[in-house]
Structure formats: structure tokens, C-alpha cells
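Trainee: Got a minute to go through this model with me? I'd like to ask about it piece by piece.

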Amino acid sequence: MAEEKIIVTITGQDKTGIVAKVATTLWENGVNIEDIKQTIMQDYFVMIMLCSITNSKESFSTIKERLTMAAESMSMAIWIQRKEIFDRMHTI
């Protein structure tokens with residue numbers, strides 16, 4: 001089975017529990033966090049995660065839907081895309 005990776009980007013007003021909510025949603029769906037970067041820019045939260053969905057029993061679209069619902073419940077913006085698409089978008 002080919003390894004499947006996704007890039008998750010979440011932004012919005014900083015508040016308690018963002019990382020916990022996103023990480024819990026990923027865990028509940030069998031997604032492994034491989035790398036994570038986050039920063040706060042003048043009360044604005046920005047996080048980018050590289051995750052593996054290889055061992056998840058859920059489809060990419062299901063994972064994307066559940067992450068979107070988690071982000072919306074916190075009034076955050078979220079983008080979820082397959083790493084291969086992300087790589088192609090950033091290759092000249």
C-alpha cells in the first residue's frame with residue numbers, strides 16, 4: 001500500500017484548545033501526525049501539519065469533512081489537501 005500523506009493548515013483567532021481539538025479529531029480517525037509547525041502572529045493562530053492517513057480506516061473525504069467540522073466549531077479556517085497536490089502546486 002502506498003503511503004498517503006495530507007497537509008492540514010488551520011488559521012484563526014488564537015484561543016485555548018485548538019491543537020487539542022485538531023489532534024483529537026485526527027487521532028479519532030486513525031491519522032498520524034508526522035510533523036507540526038505553529039505560531040502566533042499578533043493573536044492570530046497559524047498551524048501546518050503533515051499527517052499520514054495510510055493506516056486510517058476512513059477515506060480522505062471523511063477525514064476532511066470531520067476536520068472541517070472541528071475547525072468550524074472553533075470558528076477557525078482550515079485547508080486539508082493531499083500532499084502530492086500540495087507538492088505539485090509548489091513546484092516550478
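**Loops, helices and pairs**

Mentor: Sure, and keep in mind that this is a predicted model. Let's start with Ser75, which sits in the loop between H2 and S4.

Trainee: What is phi of Ser75, then?
Mentor: Most residues other than glycine have a negative phi. Ser75 goes the other way, with a positive value in a residue that isn't glycine. Its side is open too, as Ser75 counts as exposed at 61% relative accessibility. The phi of Ser75 is near 60°.

Trainee: Which residue in the loop between S2 and S3 has a positive phi although it is not a glycine?
Mentor: Look in the loop between S2 and S3. The residue there is exposed, with a relative accessible area of 52%, and its phi is about 70°. That's Asp43.

Trainee: And which residue with a positive phi follows H1?
Mentor: Here the phi is near 70°. This time the residue is a glycine, namely Gly30.

Trainee: Staying with H1, within what arc do its buried residues fall?
Mentor: The buried residues of H1, which spans residues 18-28, are Ile18, Val22, Thr25 and Leu26. An α-helix has 3.6 residues a turn, so residues three or four places apart point the same way. Seen down the axis of H1, the buried residues line one face of the helix, because they fall within an arc of 100°.

Trainee: Which exposed residues are on the face of H1 turned away from the buried side?
Mentor: The buried residues of H1 pack against S1, strand S2 (32-41), strand S3 (44-52) and helix H2 (60-73). The face turned away from that buried side carries the exposed residues Trp27 and Glu28.

Trainee: Which elements give two or more residues to the largest nonpolar core?
Mentor: In soluble globular proteins, nonpolar side chains tend to be buried together. The largest nonpolar core here has 20 residues, and Ile6, Val8, Ile10, Val22 and Leu67 touch the most other members. The elements giving two or more residues to this core are S1, H1, S3, H2 and S4.

Trainee: Take Ile10: which residues is it in contact with, leaving aside neighbours within four places in sequence?
Mentor: Ile10 is among the core residues that touch the most other members. Its contacts beyond those sequence neighbours are Ile18, Val22, Phe45, Val46, Met47, Ala71, Met74, Met76, Ala77 and Ile78.

Trainee: Is Ile63 buried or exposed?
Mentor: Ile63 lies in helix H2. Leaving aside neighbours within four places in sequence, Ile63 is in contact with Ile6, Asn29, Val31, Ile53, Ser56 and Glu58. At 1% relative accessibility, Ile63 counts as buried.

Trainee: How far apart in space are Ile63 and Lys21, C-alpha to C-alpha?
Mentor: Along the sequence, Ile63 and Lys21 are 42 residues apart. In space, C-alpha to C-alpha, the separation of Ile63 and Lys21 is 14 Å.

Trainee: Which residues form a nonpolar patch on the surface?
Mentor: Start from Ile36, which lies in strand S2. Ile36 counts as partly exposed at 35% relative accessibility. The patch has about 180 Å² of accessible area together, and its residues are Val19, Ile33 and Ile36.

Trainee: Now the charges. Which residue forms a salt bridge with Arg82?
Mentor: Side chains of opposite charge can pair when their charged atoms come close. For Arg82, the closest N and O atoms of the pair are 2.9 Å apart, inside the 4 Å cut-off for a salt bridge. The partner of Arg82 is Glu4.

Trainee: How many residues apart in sequence are the parts that Arg82 and Glu4 tie together?
Mentor: Arg82 is partly exposed at 29% relative accessible area, and Glu4 is partly exposed at 30%. Arg82 lies in strand S4 (residues 77-82) and Glu4 in the segment before strand S1 (5-13), so the pair ties together parts that are 78 residues apart in sequence.

Trainee: How far apart are the closest N and O atoms of Lys37 and Asp35?
Mentor: Lys37 counts as exposed at 55% relative accessibility, whereas Asp35 counts as partly exposed at 36%. Lys37 and Asp35 form a salt bridge, and their closest N and O atoms are apart by 3.5 Å.

Trainee: Last one: which residue forms a salt bridge with Glu58?
Mentor: Glu58 is partly exposed, with a relative accessible area of 30%. Its partner is partly exposed too, at 33%, and the closest N and O atoms are 3.5 Å apart. The residue paired with Glu58 is Arg66.

Methods:
Residues are numbered from 1 along each chain as its sequence is written. This is a predicted model: local features need pLDDT of at least 70, side-chain atom pairs count only at pLDDT 80 or more; totals for chains, interfaces and linings use all residues. Side-chain values use heavy atoms; hydrogens and water are left out. A salt bridge is a side-chain nitrogen of Lys or Arg within 4 Å of a carboxyl oxygen of Asp or Glu. Helices (H or I, at least four residues) and strands (E, at least two) are DSSP runs, numbered from the N terminus. Buried means under 20% relative accessible area, exposed over 50%, partly exposed in between (1.4 Å probe, protein chains only). The arc is that of the directions from the helix axis to the C-beta atoms. Contact means heavy atoms within 4.5 Å. Patches are made of residues with over 30% relative accessible area and no salt bridge: like charges are joined within 9 Å, nonpolar side chains (Val, Leu, Ile, Met, Phe, Trp, Tyr) within 5 Å. Accessible areas come from the Shrake-Rupley method with a 1.4 Å probe; for residues, only the protein chains shown count as cover. A nonpolar core is a set of buried Ala, Val, Leu, Ile, Met, Phe, Trp, Tyr and Cys residues joined through side-chain atoms within 4.5 Å.
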